[in-house]
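Trainee: Got a minute to go through this one with me?
Mentor: Sure, let's take a look together.
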Amino acid sequence: MTESFHRSGEYENPYEGQQQAPVNPEWPPPPAYAPAHAPHPKKRGRGPLALIAAVAIVAAAIGGGTAYGIQELTGNDTVASSSTSTNVVPSSQKGTVAGVAKAVSPSIVEISANSNAGSSTGSGVIITSGGEIVTNNHVVAGASQIKATTSDGKSYTAKVVGTDSKKDLALIKLENASGLTAATLGDSAGIQVGDQVVAIGSPEGLSGTVTSGIISALDRDVTVPTEEDQGQGQQWGQGQGQGDQWPFEFGGRQFNGDTGNDTTTYKALQTDASLNPGNSGGALIDMNGNIIGINSAMYSPTSQASSSSDAGSVGLGFAIPINTVKADLAKLRAGSTD
């Protein structure tokens, strides 16, 4: 042996301090003896790793603000979207209806649409800080004038960018809008029956109304009309009979009126969160503050012959899964009029 081992765990080089013989270049190089106190080579990577960890911790702490910050850096047309559940709600209020309402309400608008067939009131979800809003097609179908009001009371004129009647979706854009609070679009694929949810919208024109419930069922086949006159003529019963609401079919039965001959069917989330006329186009939200659906249909057992005491939600509402919305965004932005 040419080296000895001390009890302290250090190695001693017997040639240290002595003049050593020339080294033949063909010989393998002698082992390098690093001082015992030298840091292990692996420690060199801890600097950037620690920085990355710190960034991750900060990102987790500010939750949905991260997506919004990225949006502001990359442009007004960047949608804050997540394939997993982002914590938009502050940690101190996580899992509470109050926390969800406070975090997401600034991203929900009331929509008023006017046409020759009448007027309607619905809701919409802000998806970019520049004023892109997702809503139902039937909320704005055939509208000649659209106005959107944010949670802080500011009103904007809006124009339709694109529509998809087959999915009952529409994209509108507010004029001269900037710095709006965009919602974070979640992942509806991970939703399970029994998950708690919150709905925000403008039922009967009562903007910013918050209700809560659970996911009652998945993949419900909901059939709605695609005809433009059905959209404005039978929407929300404002100035019309109580039964003149947005009609739909489910389970072979028709609700809220006649759907007509031109219909489309989509897979919907079913919820018992209270939905009423005017909630359509609004948000269905998970308890972390992510949008998981766009409320689109609800059953109300009223008719022109029934009394007003029979009106209201019976806990049978449906929402278009947000993954369907995200898959349709490019088409809507391109100006689709399907």
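Mentor: First a term: a polar contact is a pair of N or O atoms within 3.5 Å; within protein, one must be able to donate a hydrogen and the other to accept it, and residues adjacent in sequence count only if both atoms are side-chain atoms. This is a predicted model, where local features need pLDDT of at least 70 and side-chain atom pairs pLDDT 80 or more, while totals for chains, interfaces and linings use all residues. Residues are numbered from 1 along each chain as its sequence is written, and side-chain values use heavy atoms, leaving out hydrogens and water.
Trainee: Cool. What does the side chain of S280 reach?
Mentor: The backbone oxygen of S296, at 3.0 Å.
Trainee: And is S280 buried or exposed?
Mentor: S280 counts as buried because its relative accessibility is 0%. Buried means under 20% relative accessible area, exposed over 50%, partly exposed in between (1.4 Å probe, protein chains only).
Trainee: Where is S280 found?
Mentor: In the loop between β13 (263-271) and β14 (283-285). Strands (E, at least two residues) and helices (H or I, at least four) are DSSP runs, numbered from the N terminus.
Trainee: Switching topic, how many helices and strands are in the protein chain?
Mentor: Six helices and 16 strands.
Trainee: Which strands make the closed barrel?
Mentor: Six of them, in the order β3-β4-β5-β8-β7-β6, with antiparallel pairing. The twist from one strand to the next averages 40°. Two strands pair if DSSP finds at least two bridges between them, and angles run from 0 to 180 degrees between N-to-C directions, with axes fitted to C-alpha atoms.
Trainee: How many bridges join β4 and β5?
Mentor: Two, between residues 118-126 and residues 132-135.
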